[in-house]
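Student: I should like to learn how the terms used for a protein structure are justified. May we go through some of them in turn?

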Amino acid sequence: MFRKILIANRGEIALRILGACKELGVRTVAVYSEADRNALHVRFADEAICIGPPRSAESYLNIPQVISAAEVANVDAIHPGYGFLSENASFAEVCEISHVTFIGPSPAMIRMMGEKDRARTEMAAAGLPVIPGSAGVVPDEAAARHAAGEIGLPLIIKAANGGGGRGMRIVRHKRELAPAFETARAEAEQVFGSPKVYMEKLIERPRHIEIQVLGDRYGNVIHLGERECTLQRRHQKVLEESPSTILDAATRERVGQQVVEALRKVGYLSAGTVEFLRDDSGNMYFIEMNTRIQVEHPLTEMVTGVDLVKSQIRLAAGEKLSEVTGPVAFRGHAIECRINAEDPETFTPSPGRITAFRVPGGPGIRVDTAAYADAVIPPYYDSLIAKLVAHGEDRAEAIARMKQALDGFVIEGVKTTIPLHKKILVDPDFIAGKFDTSFLERLTVVAAK
Ligand code: MV4
């Protein structure tokens, strides 16, 4: 096992990783920006090193600063958490060169999955169903016309180095193709530093379902079931659950096995998430793979009992999967509400000082947070205050527990998304498990009236 790990992150995930390290008897090093001097990850780590000014680009995203801290503290591994440097292949490479273990997959794997068109091609070759689309990147307008002829309309243009929904353009009519192609390329260049785009057939009102996997250094891969992540607003997940209300046991088993076989073929190491879109007819298509621990990982932990962060660390240290988890069993249902410092109607950030803070508890309730009374939510980072997770023997119990917990959650001083979560949980369509990617637009339009 590692002696000392540097946690290259902040907020609730930094605390989550700290806890896993402490359980494993590993010493911890926190890094922080000037805006996070009073943060809990700084207080709870064995050592803490300031790595720069508040802006992420100068601190949490600053590779030389993070590597210098790792060298000064003499750590043997770095856990990147999510966001920031977690899917930066160059950073993973610099770790390797510096003889520090990057807790995650290889730089080559991160790079492959980060190039979405390549991930698509490789995963299709490894046996996963993909959405009909262009054969790789579409280089120019003539190629776009050709691909559109093959794919048919409507289609979607996506940034090859993108993700998270930015740089996407939908084309419903032939005349929209050329302008959409040009604006997609321009936005991709501006946001992701590369104009490369690819094309797929548009899936109307899909469900977004992702499968959690773990792999070791010896070619073993398992899956830990799915998470339902359809309820999003502006490509930000709002409420997630596991299992999905729409997958039947046979589909779950079939897709799970396909994922395991595909990732065995490419030799996937560490935790990862394989994202699928499900269409109205029940077809499941691979869209992307995330090579990091995800925000919503606690859902899987609640239904399987597997500690995913501890697993990542043990797998990076060279342990075998069979020693890390044993056989995985699924129990009950879990729901996660992301409590953000946001105006729940407009979804605009609401940073500031938290004046009162009381977290709920009780059977099946888990709260992952780095907030406390008198803490300041800085404007520089994401606006997540807490992840509230409710587990029950079935979905109805998980919903009932979540409602109770939301009623018992007190956060004053900043606006939060708690009122939105309360609305979702009493919505008849949500309760019936009937929703798609347009659900929250409708709910918030009605709520604003
Ligand atoms: C799509 C799609 C429809 N058809 N791809 C959005 C985020 C990115 N990871 C993939 N996204 C989508 N890709 C095809 N071929 C619709 C979306 C999409 C979406 C997906 C999941 C959850 C919410 C969404 C909201 C808008 C669009």
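**Values set against definitions**

Tutor: Let us begin with aspartate 307, which is buried, with a relative accessible area of 19%. Please bear in mind that this is a predicted model.

Student: Why is aspartate 307 called buried?

Tutor: Buried means under 20% relative accessible area. Aspartate 307 has 19%, and therefore it counts as buried. Its place is the loop between helix 10 (297-304) and helix 11 (308-316).

Student: What makes the approach of the aspartate 307 side chain to the backbone nitrogen of valine 309 a polar contact?

Tutor: The cut-off for a pair of N or O atoms is 3.5 Å. The side chain of aspartate 307 reaches that nitrogen of valine 309 at 3.1 Å, so the distance is within the limit. A polar atom of the same side chain also lies 2.8 Å from the backbone nitrogen of lysine 310, so this distance is within 3.5 Å as well.

Student: Why is aspartate 374 called partly exposed?

Tutor: The term covers values between the limits for buried, under 20%, and exposed, over 50%. Aspartate 374 has 48% relative accessibility, and therefore it is partly exposed. This residue is in the loop between strand 17 (365-369) and strand 18 (376-377). Aspartate 374 also has a positive phi of about 85 degrees, although it is not a glycine.

Student: Which class fits histidine 421, buried or exposed?

Tutor: Histidine 421 has 0% relative accessibility, which is under 20%, so it counts as buried. Histidine 421 belongs to helix 14 (residues 418-426). From C-alpha to C-alpha, histidine 421 is 9.0 Å from proline 344, although 77 residues separate the two in sequence.

Student: How do you know that cysteine 229 is in no disulfide?

Tutor: A disulfide is a covalent bond between the sulfur atoms of two cysteines. The rule applied here requires the two sulfur atoms to be within 2.5 Å. For cysteine 229 the nearest cysteine sulfur, that of cysteine 337, is 13 Å away, so the rule is not met. By this rule the count comes to 0 disulfides. Cysteine 229 is buried, with a relative accessible area of 0%, and cysteine 337 is likewise buried at 0%.

Student: What is the kind of peptide bond that joins leucine 153 and proline 154?

Tutor: It is a cis peptide bond, with omega of about -5 degrees. Proline 154 is in the loop between helix 7 (141-151) and strand 6. Another cis peptide bond joins serine 242 and proline 243, where omega is about 0 degrees.

Student: Which residues come nearest to the ligand?

Tutor: Of the 17 residues around the ligand, the nearest are Lys158, Glu200, Lys201, Ile203 and Glu288.

Student: What makes the pairing of lysine 158 with the ligand a polar contact?

Tutor: A polar side-chain atom of lysine 158 lies 2.9 Å from a nitrogen atom of the ligand, so the pair is within 3.5 Å. A side-chain N or O atom of glutamate 200 is also 2.9 Å from a nitrogen atom of the ligand. For isoleucine 203, a backbone N or O atom lies 2.9 Å from a ligand nitrogen.

Student: How much of the accessible area of the ligand does the protein cover?

Tutor: On its own the ligand has 530 Å² of accessible area, and the protein covers 89% of that. The residues of the shell divide into 7 nonpolar, 5 polar and 5 charged.

Notes:
Residues numbered from 1 in each chain as written. Predicted model: local features only at pLDDT ≥ 70, side-chain atom pairs only at ≥ 80, totals over all residues. Heavy atoms only, no water. Near = heavy atom within 4 Å. Polar contact = N/O pair within 3.5 Å; in protein donor to acceptor, adjacent residues only side chain to side chain. Areas by Shrake-Rupley, 256 points an atom, 1.4 Å probe, with all protein chains shown as cover. Nonpolar A, V, L, I, M, F, W, Y, C, P; charged D, E, K, R; others polar. Buried < 20%, exposed > 50% of the residue type's maximum accessible area, 1.4 Å probe, protein only. Helix = DSSP H or I, 4+ residues; strand = E, 2+ residues; numbered from the N terminus.
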